[in-house]
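User: I should like to go through this structure by question and answer. Please reason briefly before giving each value or name.

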Amino acid sequence: MNYRKFFACFGMSIISLLSLVPSAEAKTKTPYLTPKTLYLEADASLLDNVNDSVFWVPRGGSLFNKNYEFWKVDGTKLFDAKWEKTDAGAPVFNSGVVAMRRPSDNIMRKGPICLLYTDGRIKDLNVKWERVTNFMDGVAVVVPNFGSAEAFYIDTTGKRIYPNIKVDGNSFNFIRPLRDGLRAYKAYRGEWGYIDANGVVKLSPKYKDARDFSEGYAWVTTEDGTRLLIDKTGKSVFQASSGTARTSDVVNGIFYVDEGPSTCYYDVKGNKLGCFEAGNQFYGGYAFVYRPEDFGDVNTLLIDSAMNIVRELSWTLVDGSQVSEKKPIFTSSGLANVNNHNIGGNSYLLLPNAEIDLIGFENNRDVVVSINEFKPVSDCGYFIANISIELDAWSRLNGRAVIKTTGEVVMIVSEDKGFVRSYGPGYPVRQSDLDANGGSFTIKAIDIK
């Protein structure tokens, strides 16, 4: 494939900002395309995240293991499509690196695992290593041999670290982030404990399960199934009732516990602050809670840390069913993606105070454009959304867009060749014309104001 085909600038006028929140001076953003927006011809069906400003697309490969190609959001192809994943999940760049496997010409033998870096470097690892996880805050877990339950940590250079720590290699959840200076780890014999950034055991492995720390507290489960909220010394500060369905991390000094049909909020001293039919985790001083629908079209409330109702929200913005699923979920970007499929609903990026930061775009004019179904915002400030552009009944593009939180669409990924056809001067050209003209084309400016 001639990868110059990827460079296709979309010239589109910037969409006017729309006011969708109650205050007169507050305005929201909408996604928009610019003359710098790029087009990449590739399968976008699995594209759902951008990490370290890098995303991947699949290119062929076997039925059971796709080949992965990596691109930067600035339009630079980082690595060709000659890499296979080495772990169960999708490959994710973190700390500037990802572990991938070189394909092998011998179907009876796997290729070696390598480290790929965001600066384009490649480093071979030990050819005997069977499996390497994605990195998380600078470390990954290596399973050295097939069927081996004993695994260990490496750093981003591929060097083994924490020699006294033996990790359970049978778990799919054994690489955990460093939070509040502690990292949960599953020891060789299956119990969970915590190590610090230097691999020193701070809380010995004795728990059946363990969550990540947040604001100095973490939930653990003891061998008899008791769920405890502990501090960084291992001291229990709260015990959840038997049969508790879900609990939240401590955020803004508050956590929730599902108690029967209600979601109840507590502070870290164990004081019950209030209960609602459902609610999500606090973030930025607010939480979304649900109340029965007999209050009209308002069934979601925004509360502050004092349990005061500060806003009533229409079901077309945040429906109570989403809150029952403990959504919206805010990422480190300070934004939550909401895809509301109710009548009049839309896709949003919400701020913790329930103001809309960015709203999906749809029109029904001569050129039909839709940018919706937002994925969560990554740490690097990008997110994925579905995009559809239809010039007429015979020419359309359906794919996914890579978008900044400013709303700028930096890249469109799609396999739809129906969009690439001849309309005359200034319009898209046929794929055969791409081959003849060197692979670069410009799509006619589309006014979607």
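User: What percentage of the 449 residues in the protein chain do buried residues make up?

Analyst: The structure is a predicted model. A residue counts as buried when its relative accessible area is under 20%. In the protein chain of 449 residues, the buried share comes to 51%.

User: Over which residues at the start and end of the chain is the pLDDT below 50?

Analyst: The protein chain averages a pLDDT of 83, and 80% of the residues score at least 70. One stretch with pLDDT below 50 has 90 contacts in the model beyond near neighbours in sequence, and another has 71 such contacts. Where pLDDT is low, the predicted coordinates should not be read in detail. The two stretches are residues 1-26 and residues 421-449.

User: How many helices and strands are there in the protein chain?

Analyst: Of the contacts with a separation of 6 or more, 41% are accounted for by residues 24 or more positions apart. As for secondary structure, the count for the protein chain is two helices and 37 strands.

User: Which are the edge strands of the open sheet of four strands with the order β18-β19-β20-β21?

Analyst: The pairing in this open sheet is antiparallel. Two bridges join β18 to β19 (residues 217-221), and Asp 209 has Thr 221 in β19 as its bridge partner. An edge strand here pairs on one side only, which applies to β18 (209-210) and β21 (236-239).

User: Which residues form the one disulfide found in the whole structure, and how far apart are their sulfur atoms?

Analyst: A search of the whole structure yields one disulfide. The pair links distant parts of the chain, with one cysteine in strand β23 (residues 262-267) and the other in strand β24 (residues 272-276), eleven residues apart. The link is right-handed, with 110 degrees about the S-S bond. The partners are Cys 264 and Cys 275, and their sulfur atoms are 2.1 Å apart.

User: Is Cys 264 buried or exposed?

Analyst: Its disulfide partner, Cys 275, is partly exposed with a relative accessible area of 37%. Cys 264 has a relative accessibility of 2%, and because buried means under 20%, Cys 264 counts as buried.

User: Where in the chain do Lys 29 and Asp 357 lie, and how many residues apart are they?

Analyst: Lys 29 forms a salt bridge with Asp 357, with the closest N and O atoms 3.1 Å apart. Lys 29 is partly exposed at 22% relative accessible area, whereas Asp 357 is buried at 16%. Lys 29 lies in the loop between β1 (8-12) and β2 (32-41), and Asp 357 lies in strand β31 (residues 356-359); the two are 328 residues apart.

User: Which residue forms a salt bridge with Lys 202?

Analyst: Lys 202 counts as partly exposed at 47% relative accessibility. Its partner counts as buried at 13% relative accessibility. With the closest N and O atoms 4.0 Å apart, that partner is Asp 196.

User: Which residues are linked in a network of salt bridges with Asp 258?

Analyst: The whole structure contains 18 salt bridges. In one of them, the side chains of Asp 258 and Lys 326 meet at 2.9 Å, N to O. This pair links distant parts of the chain, with Asp 258 in strand β22 (residues 254-259) and Lys 326 in the loop between α1 (320-324) and β29 (336-339), 68 residues apart. Both Asp 258 and Lys 326 are buried, and the residues linked with Asp 258 in the network are Arg 246 and Lys 326.

How values were computed: Residues numbered from 1 in each chain as written. Heavy atoms only, no water. Disulfide = S-S within 2.5 Å. Buried < 20%, exposed > 50% of the residue type's maximum accessible area, 1.4 Å probe, protein only. pLDDT = per-residue confidence, 0-100. Contact = heavy atoms within 4.5 Å. Pairing = 2+ DSSP bridges.
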